[in-house]
Amino acid sequence: MPLHAHRGPSRRGAPTMLGMHHHRLVLNGPTRSLPPLVDELRRAGATVLDADGPPRLVWSTSDPRLVERLARRHAEVAVGVERFEALGTEMVRLVVHGADTTILDRRRVLPHPDDDLEGWGGCDDEGVQLDPELLRRAARRVQERVGRDAVTRVAVPAGRDADPDGEAGHEGPPPPGPPLAALGAALALGTAFGAVCAAAPEPAVAGGPDPRCLDAIADLAATALTAGAALCAPTPAPAEAVLERAWALTRALARAGDEPLWEGPGTASWPEWLGYLAAATADALLACVEGGDAVGTAIASVHREHCATPAEHRAIAAGALVATGLQMLALFDAEIR
């Protein structure tokens, strides 16, 4: 289903910025052959998530072919790779074994509309998509807001300290369970939306928002980005949290770009889009508090049975909020245009 079904002018041809390439790796091979490759990957910046059984690692690098080059020196090890480019358009799964690379699967970041149980696909309504480069600039602005204190509290469970960059710190008491994590995300989203309300001019006032309101919208999108990624795995390793946020932002960018709009920069209605943002925030808040199997409305129960688990539902709603924030920045922020 479309988010808003509005149309605006399309501006194509802007240059595309290359992003980081994020990887999940699984190594298989003789026991004696695994440690040398694990050590080499760690020296290159990868993080080991699990060394029991086949080693599992995550890795973010600007060089998408470095895995293949390292694997050539360890011909006895087969490396399963899941790779996507931040703010890119596809996910690739492959196996690297020595000098041989076999691509197993290559698919869009968002599912095909026929397989789209999440409501993330495009629609057939008339309209024109927003300029992809405008949306990428909006996404980079949101990414820059991640790491501020008001945002990173969502991703740091109780009992873990936060470092200055917003990543989880040393181990402490056990983290809270999913219901408390979801409630914390709801409170953070409510606080961030309150900042938007405080900075927004009266909806009846002609014209668009001032820079303070756009900053607040970027902060709200960053909070939703962090919350959605954190609720999928409340206690990820710092490097895994970086990957999950990059994946969530990449999917939100694709969703924002897939939707045809009836209006564009310079013609969009600010009061109308404030309403869209309020509705998306309300959906995300409702998804956070409807977490238990015995909690929620009848429609939520149907959604859990046929579409997504509670955690997936929260991530989907948070992603829709991020996508709406990206669209608003692309429509109303003169600085990124």
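The structure holds 20 salt bridges, a salt bridge being a side-chain nitrogen of Lys or Arg within 4 Å of a carboxyl oxygen of Asp or Glu. This is a predicted model, in which local features need pLDDT of at least 70 and side-chain atom pairs count only at pLDDT 80 or more, while totals for chains, interfaces and linings use all residues. Residues are numbered from 1 along each chain as its sequence is written, and side-chain values use heavy atoms, with hydrogens and water left out.

**The sheet**

An open sheet is formed by 6 strands in the order β2-β3-β1-β4-β5-β6, with antiparallel pairing. Its edge strands are β2 (47-50) and β6 (100-108), each of which pairs on one side only, and neighbouring strands are turned by 20° against each other on average, direction ignored. Strands (E, at least two residues) and helices (H or I, at least four) are DSSP runs numbered from the N terminus, and two strands pair if DSSP finds at least two bridges between them.

At one edge, β2 is joined by 3 bridges to the antiparallel strand β3 (residues 56-61), and T47 stands opposite V58 in β3. Further along, β4 and β5 pair in the antiparallel sense over 7 bridges, with A78 standing opposite H97 in β5. The hairpin of β4 and β5 has 4 residues between the strands, and in this hairpin L87 takes a positive phi near 65°. The antiparallel pairing of β5 and β6 runs over 8 bridges, and here M91 stands opposite R107 in β6. These two strands form a hairpin with 2 residues between them, where G98 in the turn has a positive phi of about 65°.

**Helix α7**

Helix α7 (residues 238-258) has 21 residues and reaches 30 Å from its first C-alpha to its last, close to the 30 Å expected at 1.5 Å a residue; the expected span is 1.5 Å times one less than the number of residues. The helix is mostly covered, since 17 of its 21 residues are buried, where buried means under 20% relative accessible area, exposed over 50%, and partly exposed in between (1.4 Å probe, protein chains only). Within α7 lies E240, which counts as buried at 17% relative accessibility. Leaving aside residues up to four places away in sequence, E240 touches R24, L49 and V58, contact meaning heavy atoms within 4.5 Å.

**Charged pairs**

Side chains of opposite charge can pair when their charged atoms come close. Three such pairs are listed here with the distance between their closest N and O atoms.

| Salt bridge | Closest N and O atoms |
|---|---|
| E68 and R65 | 3.2 Å |
| E68 and R83 | 3.0 Å |
| E82 and R93 | 3.0 Å |

E68 is buried, with a relative accessible area of 7%, and R83 likewise counts as buried, at 8% relative accessibility. E68 and R83 link distant parts of the chain, with E68 in helix α2 (residues 66-72) and R83 in strand β4, 15 residues apart.

E82 lies in strand β4 and R93 in strand β5, so their salt bridge ties together parts that are 11 residues apart in sequence. E82 is partly exposed, with a relative accessible area of 23%, and R93 also counts as partly exposed, at 30% relative accessibility. Both residues belong to a network of salt bridges that links E82, R93, D105 and R107.

Definitions and conventions:
Axes fitted to C-alpha atoms, helices over the stretch in contact; angles between N-to-C directions.
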